[in-house]
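Work through the exercises below with the model open. Try each task before you read its solution.

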Amino acid sequence: MRTSAALPPGQREIESFPRFGLTPFAVRFPKAIDAIKVQIAGDVESSLEVGTELDALARVEQCSDFHCVTTWTHRALRWSGIRFSDFYRQVVVPLARPSAQATFVVLRGQDGARSSLPLEDLLASDVILADRLNGEPLTIKHGAPLRLVAPAHYGYKSVKHVNRIEFWTTSSEYRPVGFRFMDHPRARVAYEERGQWIPGWVLRYLYRPLVRPTMSRFERTLKDHLKSIGRGEEP
Ligand SMILES: Nc1nc2c(c(=O)[nH]1)N[C@H]1C(S)=C(S)[C@@H](COP(=O)(O)O)O[C@H]1N2
Ligand SMILES: [Mo]
């Protein structure tokens, strides 16, 4: 959640909120942004797709800081949507009936991006499936039509354009998008869990030089994409 005082270890505040990610995703975009459709799968009794079922859940709004693993932080974003815990308890459990041991959760986005988190982390009250940012519907830039927001974890866990969520009893089948060392199973910002095997503070120096070029690349490819689909500039 929002911390008005010190930033987490190794983080630096920036004024902009850039479109960001691993390089291959700079040129991949969501195709279906007008309606929310999420597949629920994994070790469940019935796999299914949900959409309007989510409209029945209580809407919540929260202000939180966003911390990218490459060390930039953008403060005080106002997200709104539904709590992941409500989604799990009121939609996933009754409709999909996941195994009680299916606590390894994989979230996938329309652009092929993915991340995993333990179910327990996703059930925290500040983890939401957001469809609005700062009072407006999500743009393509920030994850339309639906994205995860898990403020206590590095940004790479907050999958954009979410269209599939899987509940597994084991993590053995899962392959992260980048190199393994870049994927920490929990990636908690407060503990600087940036990656695996390499200490978080070392990764700060490895990642920092990548920030500027990545931002420019993601900005350029978005501009081209919006032009190609006949949409104007996004805020
Ligand atoms: N689908 C998808 N989700 C994604 C990414 C991505 O490229 N594609 N990048 C991740 C990373 S590394 C970060 S820091 C945040 C960036 O969110 P933003 O682009 O809204 O700033 O999204 C995360 N979720
Ligand atoms: Mo990131």
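**Exercise 1. The sheet**

Strand S2 (residues 38-42) and S3 run antiparallel and are joined by 3 bridges. Strands here are DSSP runs of E with at least two residues, helices are H or I runs of at least four, and both are numbered from the N terminus. Two strands pair if DSSP finds at least two bridges between them. This is a predicted model, in which local features need pLDDT of at least 70, side-chain atom pairs count only at pLDDT 80 or more, and totals for chains, interfaces and linings use all residues. Residues are numbered from 1 along each chain as its sequence is written, chains are lettered from A and ligands numbered from 1 in the order in which they are written, and side-chain values use heavy atoms, with hydrogens and water left out.

*Task.* Start from the S2–S3 pair and trace the strand order of the open sheet.

*Solution.*

1. Begin with a residue pair: Ile40 has Leu48 in S3 as its bridge partner.
2. Go from S2 to S11. These strands run parallel, with 4 bridges. Gln39 is paired with Arg164 in S11.
3. Go from S11 to S6. This pair is antiparallel and has 6 bridges. Leu107 has Ile165 in S11 as its bridge partner.
4. Go from strand S6 (residues 104-109) to S7. They run antiparallel, joined by 5 bridges. Leu107 stands opposite Ser115 in S7.
5. Look at the turn. S6 and S7 form a hairpin with 4 residues between them, and Gly112 in the turn has a positive phi of about 95°.
6. Write the order: S3-S2-S11-S6-S7, an open sheet of 5 strands with mixed pairing.
7. Mark the edges. Strand S3 (48-50) and S7 each have a single partner strand, so one side of each lacks a neighbour in the sheet.
8. Add the twist, which averages 25° from one strand to the next. Axes are lines fitted to C-alpha atoms (for helices, over the stretch in contact), and angles run from 0 to 180 degrees between N-to-C directions.

**Exercise 2. Unusual backbone**

*Task.* Which peptide bond is cis, and where do Ala187 and Glu192 lie?

*Solution.*

1. Check omega. The bond from Ala144 to Pro145 is cis, with omega near -5°.
2. Place Pro145: the loop between strand S9 (136-137) and strand S10 (147-149).
3. Check phi. Ala187 is not a glycine, yet its phi is positive, about 55°. Glu192, also a residue other than glycine, has a positive phi near 50°.
4. Place Ala187 in the loop between strand S11 (162-168) and H3. Glu192 lies in the loop between S11 and H3.
5. Judge exposure. Buried means under 20% relative accessible area, exposed over 50%, and partly exposed in between (1.4 Å probe, protein chains only). Ala187 is buried at 0%. Glu192 is buried at 11%.

**Exercise 3. Nonpolar cores**

*Task.* Which residues have the most contacts inside the largest nonpolar core?

*Solution.*

1. Apply the rule: a core is a set of buried Ala, Val, Leu, Ile, Met, Phe, Trp, Tyr and Cys residues joined through side-chain atoms within 4.5 Å.
2. The largest core has 29 residues, and Phe17, Trp72 and Trp79 have the most contacts inside it.
3. Elements giving two or more residues include strand S4 (59-67), strand S5 (72-83) and helix H3 (200-207). H4 gives the most, with 4 residues.
4. A second, separate core has 28 residues, among them Leu54, Leu57, Tyr88 and Val92.

**Exercise 4. Pockets**

*Task.* What is the volume of the largest pocket, and which residues lie nearest its centre?

*Solution.*

1. Set the terms. On a 1 Å grid over the protein atoms alone, a pocket is an open set of points where a 1.4 Å probe fits, with protein on both sides within 12 Å along at least five of seven lines; lining residues have an atom within 4 Å of a point. Grid points are joined across faces, edges and corners, and a volume is the space filled by probe spheres set on the points.
2. The largest pocket has a volume of about 780 Å³.
3. Its lining has 38 residues, with Phe20, Gly21, Leu22, Gly155 and Tyr156 nearest the centre.
4. Strand S7 (114-118) and helix H4 (211-228) each supply at least two lining residues.
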